[in-house]
Each structure stands twice: as structure tokens, then as C-alpha cells.
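Trainee: I am new to this structure and would like a close look at a single part of it. Could you take me slowly through one helix and its surroundings?

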Amino acid sequence: HEGADWDAFHKQIKEAETLISHEDFKGALERYEKVFNSYDFVFSRDYKVAAQLAFYLGDKAATFDLIERGLASGWTLKALKKEKFLSPLQKEPGWTLLKNNYDSLHGVYLNRIDPMLRDSVHEMFKRDQKKAMGALFKIGNSAQEKYGTEKFAPHSEQQMAQLFEIMDNYGYPGERIIGNDYWMSTVISHHNSISEEYTKKDTLYNYIRPALKKALALGQISPYEFSMIDDWRIAVVSNRTAVGYGFLNAPLSGTLSETNALREKAGLRSVELRNKLVDLENKTGMNLYLPDWVIGKIEVEEK
């Protein structure tokens, strides 16, 4: 529902994650449940984390219930089977029931998303990947910059024009609307990383950024997508010298509070909380679905 407070949603998820970092799994699960019961859309990663907490606590009924809710929000049976931490469930009687119910649960997800819009965004993503491959085969920075400005930029400007149209008519095409959370963010991230010279002069991202912020406030884009897109822009324009979200450039100890303020504004956990959660993943074997653009901890550099 449009009136939902998504700032509050992300804040409560961070509170649950803080409880996880303190190994208060019961408290964390209660917090997740409270959030799930208050919103008519939930990002599937949150169901995945909550299901693992329930399993860790030995509550199989709650585990299967959360998995079902996750499947109804777009988690696939194929992906679930690959979830190592939950694999013992495949020997449980409830697993057969889950498999039998999968089509109807997946049907709930399919009824929520816009399949035609999903297809057209997927086409944009495929066009983008094809064009981005061209840059990989240009040896040396100047050849890549030339390709970026002469070949990639005109293509990217068309893609952005198409995005403006989509956002005017539907909102941001992310997990909530099309059930995918990286096709469009990849397209915009590529636009933001054409070249330093191009990105400095670019007005298209500045034009669409307020609409992306609005999409964040409406739960149409996740904090992960928004911050990744924005981080590319910051890194490229400043030649990796400005303070960003800590993904593309290692944050500095002297400006860590600025990095965390940016992250908080987007609804993301602090660098310190992320790093505590990485420790907890290693300790328990759970997968807390942290962005894997940085593998493991975000290292803070002393400067």
C-alpha cells in the first residue's frame, strides 16, 4: 500500500539485524514477524533470513511458514534447494507438502508482478550486457573511454529515456513491480560509469535521481540497488576520491561517519553492522544475504 512507511520498514529490518549480531535470534525473529505482518510487500531476502533464524531456533513449523511466504514473494524452489543452511529440511515430511504447494505459491508471486514490463526490462538488460561486452575487448583506458563516449553513451541515453517513460507510467521496475532487483540497477550503474568526462557532464542521472529517491520511499527500489547506482556515480565523477557508500571504494576511518550517514539515508545498515553480520555468517553457516559486491567484510582503511 502506497501509504506504508518504508523508512520505518528498513529501520526495523536493521534493528532485527542488530539483534542477530548480538545473537538474540529469538528477538530478531519476533522483529521480522512484526514487520511482515505490517506490510503487504516484503523483499524476499528478509523472508530468507527469517526462515533461517526459525530453523536455527529449531521451530520447524515457523520455518516452513516463512519459506512458504518467501516462495509466494518470488523465492524459487530451485534457489531454496541451493540454500545450504536449510538443506536438512529436504528430509522432512513438510518438504513434500512444500513441493506440492509450490506452483500455487509461485502463482501468488506471478499475479503480483507485471510480466510484460518484466520482459521489456529484461530486454533492456540484455541490450546493455551486449553493449558493455564491447568495452571489455578494447585494450587500454583511452580505447575504452572512446568506446564509452562514442558507442555506449548513445545507447545508454536511449535506455535512460525508456526508463523515464517506465517510471512515469509504473514506478521503478525493481523487485516489487517486476520481481527482479538487478536488471535495471545494472543498466543505470552502467550509465553512471561510462567515463569520468561523460559522467561529469551527464544530466540524465541528476534528472532521475529524485524519482529514484521517491521509489525508495515507496518500497519500489531496495536500499541495495539505490546505493549501488549512486555509488558508481560518486566514484566515477570524483575519480574514486569522494566519500561513497563503501562498496566501490574502501571507506576511510576518518570519513567512516560520512559513509555511514549516506548508508543510513538510503536505508542500509552501517559498515560496522555489516561486518558483525559477516562474522555471524561464518560462525553459524547462515546466509544473511549481504550485498556480495564486496566479498566478506568491508575493510576500513586508515588514513
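Mentor: What follows is a walk along helix α1, its charged partners and the pocket beside them. Please keep in mind that the model is predicted, and that the values below are computed from it.

Helix α1 runs over residues 6-21; it has 16 residues and reaches 22 Å from its first C-alpha to its last, which is close to the 22 Å expected at 1.5 Å a residue. At the start of the helix, a side-chain oxygen of D5 comes to within 3.1 Å of the backbone nitrogen of D7, while just after the other end E23 takes a positive phi of about 65°. Between these two places, the buried residues of α1 are W6, F9, H10, Q12, I13, K14, A16, E17, I20 and S21.

One of these buried residues, E17, deserves a longer look, and a general point helps here. Side chains of opposite charge can pair when their charged atoms come close. E17 forms a salt bridge with R45, with the closest N and O atoms 3.3 Å apart, and this pair links distant parts of the chain, since E17 lies in helix α1 and R45 in helix α3, 28 residues apart. E17 also forms a salt bridge with R269, where the closest N and O atoms are 2.8 Å apart; here too distant parts of the chain are linked, as R269 sits in the loop between α14 and α15, 252 residues from E17. Both R269 and E17 are buried.

R45 in turn forms a salt bridge with D46, the closest N and O atoms being 2.8 Å apart, and both R45 and D46 are buried. Taken together, E17, R45, D46 and R269 are linked in a network of salt bridges, within a structure that holds 17 salt bridges.

R45 also leads us to the largest pocket, whose volume is about 1,300 Å³. Of the 48 residues that line this pocket, R45 is among the closest to its centre, together with D181, Y289, L290 and P291. Helix α1 is one of the elements that give two or more residues to the lining, the others being α3, α10, α13 and α15. By class, the lining of the largest pocket is made up of 20 nonpolar, 15 polar and 13 charged residues. Thus the helix you asked about contributes to the lining of the largest pocket, and through E17 it also takes part in the network of salt bridges with R45, D46 and R269.

Methods
Residues are numbered from 1 along each chain as its sequence is written. This is a predicted model: local features need pLDDT of at least 70, side-chain atom pairs count only at pLDDT 80 or more; totals for chains, interfaces and linings use all residues. Side-chain values use heavy atoms; hydrogens and water are left out. On a 1 Å grid over the protein atoms alone, a cavity is a set of points where a 1.4 Å probe fits but cannot get out, and a pocket is an open set with protein on both sides within 12 Å along at least five of seven lines; lining residues have an atom within 4 Å of a point. Grid points are joined across faces, edges and corners, and a volume is the space filled by probe spheres set on the points. Helices (H or I, at least four residues) and strands (E, at least two) are DSSP runs, numbered from the N terminus. Ala, Val, Leu, Ile, Met, Phe, Trp, Tyr, Cys and Pro count as nonpolar, Asp, Glu, Lys and Arg as charged, and the others, Gly among them, as polar. The expected span of a helix is 1.5 Å times one less than its number of residues. Buried means under 20% relative accessible area, exposed over 50%, partly exposed in between (1.4 Å probe, protein chains only). A polar contact is a pair of N or O atoms within 3.5 Å; within protein, one must be able to donate a hydrogen and the other to accept it, and residues adjacent in sequence count only if both atoms are side-chain atoms. A salt bridge is a side-chain nitrogen of Lys or Arg within 4 Å of a carboxyl oxygen of Asp or Glu.
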